[in-house]
Amino acid sequence: MVDVIIVGGGASGLVCGIEAAGRGRRCLILEQKEKAGKKLYATGNGRCNFANRHVSLSCYHSVCEETEPEIGRIITPKSCRETEEFFRKLGIPAVEREGYLYPRSGQAGALVHALEQAYREYGGELRCNETVKDIVWLGEHEIRVTTQNQSYYGKRLVLATGGMASPNLGSDGSGYQLARHIGHTVTTCLPALCGLTCKEPGWNRLQGVRTKGMAALWRDGVLLCRDSGEIQFTGYGVSGIVIFNLSRYAGIELEHGNPVTLLMDFFPEYTKEALTEQLKQMQKVCGYRTLLSVWSGYLPDKLAGYLLGRLGIPDTLPIAAVTLKQLKALAALGKSFSISITGEKGFSEAQVTAGGIPLKEIQLDTMESRIRPGCYLLGELLDVDGCCGGYNLLWAWETGRRAGSQI
Ligand SMILES: Cc1cc2nc3c(=O)[nH]c(=O)nc-3n(C[C@H](O)[C@H](O)[C@H](O)COP(=O)(O)OP(=O)(O)OC[C@H]3O[C@@H](n4cnc5c(N)ncnc54)[C@H](O)[C@@H]3O)c2cc1C
């Protein structure tokens, strides 16, 4: 019998294992994939954005909104510094880009190897290709964990199975079933940090377009969230970090049957009047050019043409021949282009899960279950989702370290 069985050899499980094994606990990680940290290899486009120096509570959310402030008991202003130091001591120095931290090598694999080697160095055991199917408490400090191959026995249990996002990388939602099995509840779970779909006419033409702007999500005249940066147009709808950050809000509203509108401002640096004035100036300085060619100086040409099409303005018209009313309408559309959101891209393409085990069921000073003492729950399995930028991994490391240093 080992001291601790950790279900899931991902971000939170590995860090928990390092902390616990480093304190002399005999640990066994059971991982269903062929290797540990499979998802970590894919993070940050293979570079692993593992933390963010600009961390604040506004970067984190819970589906159970009333427990959101509790996240601050785990994520503090020190979290990033301590995580950076943790990895530095494992031989993974960080580089920073606008607050985002990455391993200096630019390779997620370096970080996974460091985690796994440290864990083994402390005597931790890792068994891959082991899918945990069943958990039974035989006594207060005797737990039987059964995989498709055999049963293992431990005194304490850690569930670090992740959520449901990108199930091909391991986290297939089975952790929720295990948690339910031991008495926990699970909130509605929705894909987050993913693209949004729409059904606008002729949208396919915009595939591949990228432009900077501000995107805001509205429900019935209520602003839900907004973010600025690069907006990417795809055949199915919209994508990119800005959209990813809005996606959880869209998912929650659509789940409740509420219509959601995405409003994009492609000219945050201008007022509508200033943009109209710009176009009027263009009539004077190069009135002989077509409206489309001038407008394409402001926006990617496919998007410029699409907006003209929406207004029914012929794109071959010389700009000098365009009426003031048309210029104003064009400026207004560039400042406020709205589409109806029909859905989210789904768990297969999401980076994270919104929802999970409610925080009120966890003692956050130790990560121990309030429902089943002796069981600890970590990472994305819990009802916490962060914005893009290293915040989700930071949550995984912090919950893993917290539990590992207490078990
Ligand atoms: C493509 C992609 C890119 C991302 N990029 C970033 C980024 O740059 N920065 C960032 O902060 N976040 C990023 N994330 C999110 C981040 O990777 C996750 O939030 C984080 O890995 C969650 O950690 P975790 O330990 O809770 O779960 P995971 O890291 O998902 O680990 C869970 C592990 O448990 C195993 N498991 C599940 N069920 C069982 C079972 N029944 N038996 C045995 N094993 C089981 C899984 O195989 C998996 O290895 C990204 C996510 C994706 C999908």
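Which residue takes a positive phi in the hairpin of strand 5 and strand 6? Keep that puzzle in mind as you walk through the close-ups below. This is a predicted model, in which local features need pLDDT of at least 70 and side-chain atom pairs count only at pLDDT 80 or more, while totals for chains, interfaces and linings use all residues. Residues are numbered from 1 along each chain as its sequence is written.

**View 1. Strand 5 and strand 6 form a hairpin within a small group of strands: an open sheet of three.** The residue to look for is E98, with a positive phi near 50°, in a hairpin that has two residues between its strands. Strands, like helices, are DSSP runs numbered from the N terminus (E and at least two residues for strands; H or I and at least four residues for helices). The order across this sheet is 3-6-5, with antiparallel pairing; two strands pair if DSSP finds at least two bridges between them. Strand 5 and strand 6 share four bridges, and here E96 faces L101 of strand 6. On strand 6 (residues 100-103), two bridges lead to strand 3, where N52 has Y100 as its bridge partner. Strand 3 (51-52) and strand 5 (94-97) are the edges, each with a single partner strand, so one side of each has no neighbour in the sheet.

**View 2. Strand 1 pairs with strand 10 and with strand 2, in parallel.** Five bridges connect strand 1 (residues 2-7) to strand 10 (residues 151-159), and I5 sits opposite L157. Four bridges connect strand 1 to strand 2 (residues 27-30), with I6 opposite I29. From strand 1 the chain passes through helix 1 (residues 11-22) to strand 2, making a right-handed β-α-β crossover. Right-handed means that, with the strands pointing away from the viewer, the path from the first strand over the helix to the second runs clockwise.

**View 3. Six strands close into a barrel.** Follow the antiparallel strands in the order 12-15-14-13-16-17. Neighbouring strands are turned by 45° against each other on average, direction ignored. Two bridges hold strand 12 (residues 196-198) beside strand 15 (residues 237-239), and L196 lies opposite V238. Helix 6 (residues 241-255) lies across strands 12, 13, 14, 15, 16 and 17, at about 140° to strand 14. Such angles run from 0 to 180 degrees between N-to-C directions, using axes fitted to C-alpha atoms, for helices over the stretch in contact.

**View 4. Domain 1 meets domain 2.** The domain assignment, automatic or from a database, gives domain 1 (2-190 + 354-404) and domain 2 (195-345). Their C-alpha centres lie 39 Å apart. Seven residues from each domain make the contact, where contact means C-beta atoms, placed from the backbone, within 7 Å. On the domain 1 side there are four nonpolar, two polar and one charged residues. Here Ala, Val, Leu, Ile, Met, Phe, Trp, Tyr, Cys and Pro count as nonpolar, Asp, Glu, Lys and Arg as charged, and the others, Gly among them, as polar.

**View 5. A shell of 40 residues surrounds the ligand.** G8, G10, G162, G170 and G379 come nearest; a residue is near if its C-beta atom, placed from the backbone, lies within 6 Å. By class, the shell has 14 nonpolar, 21 polar and five charged residues. Helix 11 (391-404) is among the helices that each supply at least two shell residues, and its four residues are the largest share.

Terms used: Contact = placed C-beta atoms within 7 Å.
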